[in-house]
Protein chains: 2
Amino acid sequence: MKFRVKDMDIATGNILIAIINYKDAQRLDLRSGDRILVKHNSHKVTCILNISESDKAVKEGSIGLFEEVLDRLNVKDKQVVDIRLTDKPESVKHIRDKLLGKHLNSQELYHITDDITNDRLTDIEKTYFVAASFIQGLRVPEIIELTKAMVNTGSRIKFGNVTLDKHSIGGVPGNRTTMLIVPIIAAAGFTIPKTSSRAITSPAGTADTMECLAKVELPERKIRSIVKKTGGCIVHGGSMNLAPADDKIIDVEHPLSIDAEGQLLASVMAKKYSVTANHVLIDIPMGKSTKAPTRKAAHHLQKMFQLIGKKLKMNVRVIITDGSHPIGNGIGPVLEAKDVMAVLRNDPLAPQDLKEKALMMAGILLEMTGKYKHGITKAREILESGKALRKMKDIMRAQGKQKMPALGEYTYPVKSTKSGKIQEIDNEIIAKIARIAGAPQDKGAGLLLSKKIHDHVQKNDVLYTIYAESKFKLHLVTKLVKESKGYRIR
Amino acid sequence: MKFRVKDMDIATGNILIAIINYKDAQRLDLRSGDRILVKHNSHKVTCILNISESDKAVKEGSIGLFEEVLDRLNVKDKQVVDIRLTDKPESVKHIRDKLLGKHLNSQELYHITDDITNDRLTDIEKTYFVAASFIQGLRVPEIIELTKAMVNTGSRIKFGNVTLDKHSIGGVPGNRTTMLIVPIIAAAGFTIPKTSSRAITSPAGTADTMECLAKVELPERKIRSIVKKTGGCIVHGGSMNLAPADDKIIDVEHPLSIDAEGQLLASVMAKKYSVTANHVLIDIPMGKSTKAPTRKAAHHLQKMFQLIGKKLKMNVRVIITDGSHPIGNGIGPVLEAKDVMAVLRNDPLAPQDLKEKALMMAGILLEMTGKYKHGITKAREILESGKALRKMKDIMRAQGKQKMPALGEYTYPVKSTKSGKIQEIDNEIIAKIARIAGAPQDKGAGLLLSKKIHDHVQKNDVLYTIYAESKFKLHLVTKLVKESKGYRIR
C-alpha cells in the first residue's frame, strides 16, 4: 500500500516508529505496537506502528515518520513510500512463554536480547520480559545464557593475557575504591580496563567522579591504546558498546525501581566477560540501603556470582563488606575525587576507611593472579611508595587531564543536637541530601562528613557540611534538612 | 522553572505528555516517565515526561506539548509555562507491591483503576500491573474489588427493577445469540440493555453485526430512552463509559495476547454490574480456540463467575457449551446479520444450531426471573409467533434503522478434496480466512458455510464460499486457502 510521508520533525532516540491515521489502521486491521515494513526505492525498514487518533497529526493516506526512519529510508516529506504488514519479532513469543513460567533456552534468550539491543521491541514488550523474569525468576542456566547473549550482542575486547576487574554493588555513598584499586593493580603490572557507570539514583558514580580529574567519554579505539600504554583506565562504559542490551533493560526497570536478580547478575557479569577479565573481585556491601540488606541475601548473591563466574570460566571472588554507612569523607563528585587523591598522595588527613578497603580489595586481586601470597602488603607498598599516585597521573594524562571543578561556594554546617556516640549514619538520607544539593549534575555539590560512625560528639559539633553551587539549591536543601539529619546519636 | 512552549502538532489520544531536551532533563535529574506539573496562569496539568535526545524536536529551554495538554492549559506555541517536579502517582507503589506478590486491598485497586481510567499511568506502569496480576494471580477478593473499582470509575446506570444480561466468552465464529436473546427477553416484558463489543481478533463482534441493521454508536441518554421504550437494546459499549479502565487494560494485554484471568472476570462482571443487572447468564464455550480449552478450565471459570456474582449480589448462572466449531452459517458482519434475521423470520433455511442455542439461553434467563418454570417453551413461543421479530424491528427503529450493506460481490467456493464425514471445523482457521477476506472492516466480507460439523460430503462438494468486497482481497485470500482448508473429513 502506498502512503505519503509526513516528516514529524521529531527524533525518538532509537526506536523506529511510524504513525498512521486511525481510519487507515482500522481498515488495515492494525493496532498500536504492530510491525510494518516501510519501503522506499531499495531501502526498507521495519517500524513499530503508532496510531494517530486525530487528523491533525497524520491524515488518512499519510504516514508520519520520525528522523531515524527518514534517514534510514533516505526519504523526504511528501514523498511516497510503500508499506507492508509484517509479523512481530519471534522474541515476543519467547517473552510470552516466560510469562507463562517456561524456562528459556540460549537461542530464545539471544533472540530477546538481540531485539532489545536493536530497538525492535516496544516498551510494553520489554516490560513484560522484565516483569516475567522478576516474578518467575531466572534459573542459573538462564542467567548464564542471558549474560552470554548480552555479551554477544555487543563488543567483546581482549586487552591482555591477565586481565583483572572489580565491581561493587551500589548503595553506599562515597564507596570510590575503583579509583584506588585501578592505579595499584596497573602499577603492579597487570591489566585492569575498568568501565564504570554514572549515577542513576546516587549522588555520584565512579564515572562522574573520575570526570573531575580526566575525560571519561572516550572512543573504544582510544581506550584500547590507553590500557595498552598504562595498564588501566577508568572510563564511562556507555561509550563502549559493552552489553548494550543492559542499559535498555534498565530503562524499563527504572520506572518501578525493579531490581530483577537475574538481570543484575547478568548485567554485572556481562560487562566483565565483555572485557575478557580472568580474575574478578565482586564487593557486596551489606546494609539496609543496599541490594543485600541481610546476611542471607548477601550470601545468596555471593553464591550466585561465584556459580555464574565458574560457568563462564572466570576466576570470581566475592566479598561481603560493611555497607551500613558511608565510606570516605566526601559525598558528591568533587568531594569524592578529593578523597581519592588524598589517599593516593598519602595525605595524613585522607579517609582511612576508604584507603583500607581499597588496599584489602587490591590485595585480594593481586593474590588471585597467583603471583602474590600476601597481596595487601604488596598493595600497601605500591600505594605508600607513591607508585599508585604516579600511575594514576599517567592514566589521567592518557585519558585527557581535566581541571578539577570548584567546590560549591554555598555551604551550610549541620550540627549535632546532642552529645553522645554516633550509632548510625543513614546512607539513603545522606545520599538524598547530596542529590538535592545538586550532585551529581553539579559536580561541586555534595556533603563533607566531619564525624564518622562510632565517633563521639558534643552538642553543636558540626557533623557534616553541605556544599551547593547556587544559593537557590542551598536554600532548597537547608529547608529540608534539620539538625542531625541522617545521624543517630546516643 | 520557566520553559517556552513548542506546539508539537500531535495528538496522543489520551495520555498527557510533555517533552524536554535531554540536557534539561540531565540538569533537572529527570527521566522518561517521571511526572511534572505544568502551569500556565490558573491552569495546571500533570504530564508524563518524555525526553528528546536531539535538539531538532525540542531545544534546551523549550517544552514540547501535545494537543491535549495545550488545550487543557489554554496555551499557545512560544508562550511560557512554569514547570514543577511532582511525584509519581501512589498507584505505582501498589503496582510494585503486586509485583512482589502482595495482595492489594480495595483502596489500592481503586487507586490503580482510577489512574488507568484517567490516563495517569504510562504503558510501562500499566504493563507491570497486568504482568503482575497475570503471574501472581488475583485472589477472589481482589477480583471483586477490581470489578467494583472498574464500575466506580465509570458510569453506573439503573435501567429497571428486573434487568437481565448475558455474556458469551469469545472464540467461536458466528456465535450471535445476543441478537436473538435480546428481542425474545424484551418481548417477554423484561429489561435487557445489552452493550456489546466490536471484533478485536475475530471476524465480527456483536456490535459490528448489529451495525448492519441499525446504529450502534449512541449517546447514553439516547440508550436510556430506547431501553425505556422497547425494553432492550444492542449497542456498542464503547460509547457508554461503562468500566472505562477495562479497554485501557486490554490495550496493554493485546501486544502479547495476554489473558489474565482476574482481568477477564473483572471485565465481564464490571459491565454487568454497571448496568445494574439482577440476573446474568454467562456462556462459556469450551473448545481448543476458546478461553476454556478443557473441561477443567471451563469448570474453573464457571466456579469463579458464580463466586464473584454471589459476592456482588447478582444472580449469575454459568453454562458450558460446545465451542469446538462455528455456530450458524455465516461468518462476517452481513452474513451473521442475515442468519439472525432468518431465525427471527422463522425461515426454514435458518441455521438451527444458532436458533436452538439462543432459545436454550433465553429460556434459562426467563427461568432465572422466577416467572417461568419451563423457559425454553416460552422463548420458543415468542420466537415462532413472530413476537421476537416485531420486537427486533422496534429496537432497530429506535436505534436508527440502517440499510443492510451488500454482500461482497467477489466469491470463491472452497470444495472438499474427498468424500466422508466432517470430523472437525477449525474455528481459528475459519476466523482467519474471514478476516483476510476483509471482515469485520468490510462488512460484506466473510464466509458462508454450506456444510456443517458431522455432515456427510462428496468429493468436490462446496464446503463454504468466501465473500470479499474487492478483487484484490479475494485474490489475497484464495492464494492462501487451499481446498478443504479448516475442515477435517474422514
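B:Pro440 sits in the loop between helix 17 (427–437) and strand 15 (446–449) of chain B, where helices (H or I, at least four residues) and strands (E, at least two) are DSSP runs numbered from the N terminus. The peptide bond leading from B:Ala439 into B:Pro440 is cis, with omega near 5°. In chain A, the bond from A:Ala439 to A:Pro440 is likewise cis, with omega near 0°, and A:Pro440 falls in the loop between helix 17 (427–436) and strand 15 (446–449) of that chain.

A word on conventions is useful here. The model is predicted, so local features need pLDDT of at least 70 and side-chain atom pairs count only at pLDDT 80 or more, while totals for chains, interfaces and linings use all residues. Residues are numbered from 1 along each chain as its sequence is written, chains are lettered from A and ligands numbered from 1 in the order in which they are written, and side-chain values use heavy atoms, with hydrogens and water left out.

Two further backbone features belong to chain B. Phi of B:His454 is near 70°, a positive value in a residue other than glycine; B:His454 is found in the loop between strand 15 and strand 16 (456–457). B:Asn460, also a residue other than glycine, has a positive phi near 75° and lies in the loop between strand 16 and strand 17 (462–468).

The two chains can now be compared. A rotation of 180° with 0.1 Å of shift along its axis superposes chain B on chain A, with an RMSD of 0.1 Å, the fit being by least squares on the C-alpha atoms of residues with pLDDT of at least 70 in both copies. This is the relation of a two-fold axis. The same surface serves both copies, since 100% of the contact residues of chain B recur in chain A. Of the residues of chain B, B:Ile124 comes closest to the rotation axis, its C-alpha lying at 2.8 Å.

How many residues does each chain bring to the contact? Chain A and chain B contribute 44 residues each, contact meaning heavy atoms within 4.5 Å. Together the chains bury about 4100 Å², 60% of it on carbon and sulfur atoms; buried area is the accessible area (1.4 Å probe) that two parts lose on being put together, summed over both. On the side of chain B, the residues losing the most area to chain A are B:Arg31, B:Tyr128 and B:Leu256, together 17% of what that side buries.

B:Arg31 also forms a salt bridge with A:Asp251, the closest N and O atoms being 3.6 Å apart. The rule (a side-chain nitrogen of Lys or Arg within 4 Å of a carboxyl oxygen of Asp or Glu) finds two salt bridges across this interface. Strand 1 (2–7), helix 1 (22–28), helix 3 (91–99), helix 5 (123–136) and helix 10 (245–253) of chain B each supply at least two residues to the side that touches chain A. Helix 5 provides the largest share, 11 residues.

Over all chains, the search finds 68 salt bridges. One of them joins A:Lys271 to A:Asp246, with the closest N and O atoms 3.7 Å apart. That pair links distant parts of the chain, 25 residues apart, with A:Lys271 in helix 11 (residues 261–274) and A:Asp246 in helix 10 (residues 245–253) of chain A.
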